[in-house]
Amino acid sequence: MGFGGSSFSFSSSSSSSFSLKHTVLPLKRRNCCLQTCFSVPYHKFVDFALDETNLHTHLLPSPLQEKYNSMNSTDGKGALNMLSFEAAKIRLLRSLIIETEKMQVLDFAVFPKAEYDVPIFCANFFTSAKTNIIVLDLNPLHDIINHDDYKEKYFKSLIPLGLKYAEHFPWGGKLTSESIKFFSPIVIWTRFTSSPQKYDILYSAFRDYYKVWLELIDTAVEETDEYQISRNLEAQHRYLAWRTEKDPGHGVLKKLIGDTLAKDLLRSFLFNGVDELGSKTFNDYFSHYLDEEGTLNKKGGVVGKSFENRPWDATGNFLGQ
Ligand code: BLA
């Protein structure tokens, strides 16, 4: 199966679009090259997504763009770049790219407006010299483990796409048990050591998953039933509450820009809406995270890690219960 056709043209002796050798970076980014001098051009992923979205809808800059655009890490050695947009059916499309000497991160998500029950597009890629931690998914808005209707509506036809990439990206191992409820049967949850071929496949997966997501939002019909809209809204708010509190990127962000800025970035930019879309708290949604004294257990943030293997079978049935 070929994954070529990407628009990258980094100098390399291999036929891959990505190179582990020296890449020509713009001056501003040269100092941010990983110590191994390895660079994943996550900007290209975002450029692709924006171009592709503009073929389907008209993106407008989000009001967030003015405040959240670029920032340096406290030590001056890293850069954070942020973009945010909205569109007719999209409440927020936002991306964060982090480049430091030691890592590169892409956190890209698209949140539909509450009138649409379309999944949330989610790409979380963490790259260090040693490893890559990857989550790529169309995060379901509603329960697909105990209820079939939402799964049938959005994921049944996508199972072959998930299987195509599951072959290349083995399950990444145990994860916070709650996370699996936010993942779909086609989730790519994987870890791998850096290789140009892997990035080719990852870029291909990103493009395929994003194109599929755009089709879903394109064909989604606006919900007019107030109850269904409020259900969608609460599901989005629950998702935002989860990620604001439990995103494993918290620690990294805190180290890079300090506690106050990291919290602001999480609440107001990455998971924007957590303070506006609903009034329930993390504890209301996830009461099982409270310890015996009723305080939030922050340590590791896990009830327990689970799912050593992919808990979905080849037909999209959940095996994990
Ligand atoms: C690890 N990131 C992880 C893991 C998951 C995710 C499942 C595995 C470890 C775990 O489950 O605790 C991602 N989890 C998600 C996503 C959802 C979820 C996307 O529930 C959605 C519902 N990751 C980032 C950013 C950084 C980052 C911005 O998104 C850094 C700035 C880093 N993720 C990061 C790191 C780890 C990680 C460093 C490893 C942490 C560890 O192993 O303890």
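A pocket, in the sense used here, is an open set of grid points where a small probe fits, with protein on both sides within 12 Å along at least five of seven lines. Keep that in mind as you look at this predicted model, because a pocket like this is where our tour starts.

Find the ligand first. The space it takes is the largest pocket. Which elements give two or more residues to the shell around the ligand? They are the strands β5 (103–112), β6, β7 (132–139) and β8 (175–176), along with helix α6 (226–246). In total, 22 residues surround the ligand, and those that come nearest are Asn124, Thr176, Ser179, Trp242 and Lys305.

Now zoom in on some side chains. Ser179 has a side-chain N or O atom 2.7 Å from an oxygen atom of the ligand. For Lys305, the matching distance from a side-chain N or O atom to a ligand oxygen is 3.1 Å, and for Asp247 it is 3.4 Å. How much of the ligand's own accessible area does the protein cover? On its own the ligand has 860 Å² of accessible area, and the protein covers 85% of that.

Next, let's turn to the aromatic rings. Searching the whole structure turns up 31 aromatic pairs. Take Phe121 and Trp213 as an example: their ring centres are 6.5 Å apart and their planes meet at 65 degrees, so this pair is edge-to-face. The cut-off behind that label is an angle over 60 degrees. Phe121 belongs to strand β6 (residues 120–128) and Trp213 to helix α5 (residues 196–219), so the pair ties together parts that sit 92 residues apart in sequence.

Are these two residues buried or exposed? Phe121 has 0% relative accessibility, so it counts as buried, and Trp213, also at 0%, counts as buried too. Both residues are part of one aromatic cluster. Other members of that cluster include Tyr42, Phe45, Phe48, Phe108, Phe125, Tyr203, Phe206 and Tyr210.

One last stop is Phe307, in the segment after β10 (305–306). What is the phi of Phe307 near? Its value is near 70 degrees, which is positive even though the residue is not glycine. That is worth a second look because most residues other than glycine have a negative phi. Phe307 has a relative accessibility of 17%, so it counts as buried; the cut-off for that word is under 20%.

How values were computed:
Residues numbered from 1 in each chain as written. Predicted model: local features only at pLDDT ≥ 70, side-chain atom pairs only at ≥ 80, totals over all residues. Heavy atoms only, no water. Phe/Tyr/Trp six-rings, centres within 6.5 Å; stacked < 30°, edge-to-face > 60°. Helix = DSSP H or I, 4+ residues; strand = E, 2+ residues; numbered from the N terminus. Buried < 20%, exposed > 50% of the residue type's maximum accessible area, 1.4 Å probe, protein only. Near = heavy atom within 4 Å. Polar contact = N/O pair within 3.5 Å; in protein donor to acceptor, adjacent residues only side chain to side chain. Areas by Shrake-Rupley, 256 points an atom, 1.4 Å probe, with all protein chains shown as cover. 1 Å grid on protein atoms, 1.4 Å probe; cavity = no way out; pocket = protein on both sides within 12 Å on 5 of 7 lines; lining within 4 Å. Sits in = over half its atoms within 2 Å of the grid points.
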